[in-house]
Amino acid sequence: MRAMKVAILGVMCAWLLAGCASFPTSERQVRQAEPAAPELDIQSWQTSGGARVMFVQSEALPMLDVRLVMNAGGARDGDLPGLAAMTSALIGEGAQGLSVDDIARGFEDKGAQFSSGSYQDMAVISLRTLSEPQWRDPALTLLARVAGQPDFPRDALERIRTQMLQGLKMARQVPGPQVQKAYQKLLFGNHPYGHAEGGTLESLPRIQRQDLVEYHQRYYTAGNTVIALVGDVSRAQAERIAQRLSDALPQGGAAPALPRARALSARKVEHLTFPSTQTHILLGNQATWRGDPDHVALYVGNYILGGGGFASLLTQEVREKRGYVYGISSHFKPMAAGGPFTVQLQTANDNASDALALTLDQIRRFIAEGPSDEELAMAKDNILGGMALETADNSDIIGQLGAIGFYDLPLDYLQQFNQQVRDLTVADIQAAMRKAVDPDHLAIVSIGPEAPALPATQTVESNESQGKNQ
């Protein structure tokens, strides 16, 4: 009787599996069912003006995404913090006599979307257009004028300046932006990454139209630009489009490399007094850079420590088990000349000291012991599964292309990343974390009514200052 039941069960299982053709039923099929590496056929070349082109042909939609990525971020501000951000904000406000309304209407009439932005390393100009020539060509012609020959009209300059100044004044009324700026300054000091990208109340009024013109001529050059193209065009069409955009930009070479940011060699502490019900705390140190061979180990290690949302160790230990914080997370931010490891948390004022002490203890424990095999296996599954979504559509791919080109990463970077994640061991993460982060040498910046108490360490430099809105 028992043998008959087993036989019937086996037949039923076989029938069910046969009805589900995609379900893996062998070891080989299970391996094939693992999350697929995002394989992009990236083609790359240079225009005659020196722009690096990154191209992926995609016929899935009749669209073309274009992104110009210039080495023209806030790190190039010099003694005028906010210059890069203001230059970027004025791209699209006027070009070759066209007004901001003419430009906006010109893109909208062709169904195209245009935007510009600025970060610490880079300035970005983006266009999404239909790929049919009757829509694509006029949009690209307008993009070439806007990016290559902006007018920087004085009325627009004053309007943008006023908006930026109002934004800075509003930011002084809330704790988050204040603690972020103080942390950035404490971490990077006089390095080009040390000042606020949005400028200051003192620097923005000093920026003149000629400063914007000279900045554009110096940093928006063809030789300082990556042109990323994704969409329904052929290689020959992509070559013509890239050359046309490169020709429209000022001609010139690449910006010089930035000096590598150095890590703090002692703990540095700063507190901003602010009448809030919560205490915001940021802590970290310079730890990595784009191209760091330990990048994958640090990425996965941080995912387990504090980058994986509710499943991360910091959230579990500091938020879920003790209830000390409203939120806590950590991340590495690799940039061209540096990249901090940062933990951020918000807590009720009465819990600030305990939350900070527990957070430091968890960081120290993780660096010393590393993750468990089970934690690493779960992180790998989540990361590899999520990577497939990183290249799900053209807007995702164009972002990846711009970064790969800008940071001079290998064309098969995404495939390499996935394979390195698969090969990673607990020992790899331990070694990388120990090399990158010293828990006794962290910048710790807080904002709230009182400074949280700190566990003792060997060397501490402190600086308590009054909140600027007091």
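## Rings, charges and a helix pair

Let's start in helix 15 (residues 413–423): Tyr413 and Phe417 both sit there, 4 residues apart, about one turn of the helix. Helices here are DSSP runs (H or I, at least four residues), numbered from the N terminus. Keep in mind that this is a predicted model, where local features need pLDDT of at least 70, side-chain atom pairs count only at pLDDT 80 or more, and totals for chains, interfaces and linings use all residues. Residues are numbered from 1 along each chain as its sequence is written, and side-chain values use heavy atoms, leaving out hydrogens and water.

**Aromatic pairs**

- The structure holds 8 aromatic pairs; rings of Phe, Tyr and Trp (its six-membered ring) pair if their centres lie within 6.5 Å.
- One of them joins Phe332 and Phe341: the ring centres are 5.0 Å apart and the planes are at 40°, so this pair is tilted (under 30 degrees counts as stacked, over 60 as edge-to-face and the rest as tilted).
- Tyr413 and Phe417 also make a tilted pair, with 6.3 Å from centre to centre and 45° between the planes.
- Add Tyr299 to Tyr413 and Phe417, and you have one aromatic cluster.

**Buried or not?**

- Phe341 is buried, at 1% relative accessible area (buried means under 20%, with a 1.4 Å probe and protein chains only).
- Its partner Phe332 is buried too, at 15%.
- In helix 15, Tyr413 counts as buried at 17% relative accessibility, and Phe417 is buried at 5%.

**Thr87**

- Thr87 belongs to helix 3 (residues 83–90), and its relative accessible area is 0%, so it's buried.
- Leaving aside residues up to four places away in sequence, Thr87 touches Phe152, Leu212, Tyr215 and Tyr220; contact means heavy atoms within 4.5 Å.

**Charges over rings**

- The charged end of Arg235 sits over the ring of Trp45, 3.9 Å from its centre (the rule: NZ of Lys or CZ of Arg within 6 Å of the ring centre and within 35 degrees of the ring normal).
- Arg260 lies over the face of Trp289, 4.3 Å from the ring centre.

**Helix 5 meets helix 9**

- The axes of helix 5 (residues 133–148) and helix 9 (residues 235–248) come within 8 Å and cross at roughly 30°; axes are lines fitted to C-alpha atoms over the stretch in contact, with angles from 0 to 180 degrees between N-to-C directions.
- That makes helix 5 roughly parallel to helix 9 (angles under 35 degrees).
- Residues making the contact include Leu140 and Ala144 of helix 5, and Ile241 and Leu245 of helix 9.

Key:
Helix = DSSP H or I, 4+ residues; strand = E, 2+ residues; numbered from the N terminus. Buried < 20%, exposed > 50% of the residue type's maximum accessible area, 1.4 Å probe, protein only. Parallel < 35°, antiparallel > 145°, perpendicular 65-115°, else oblique.
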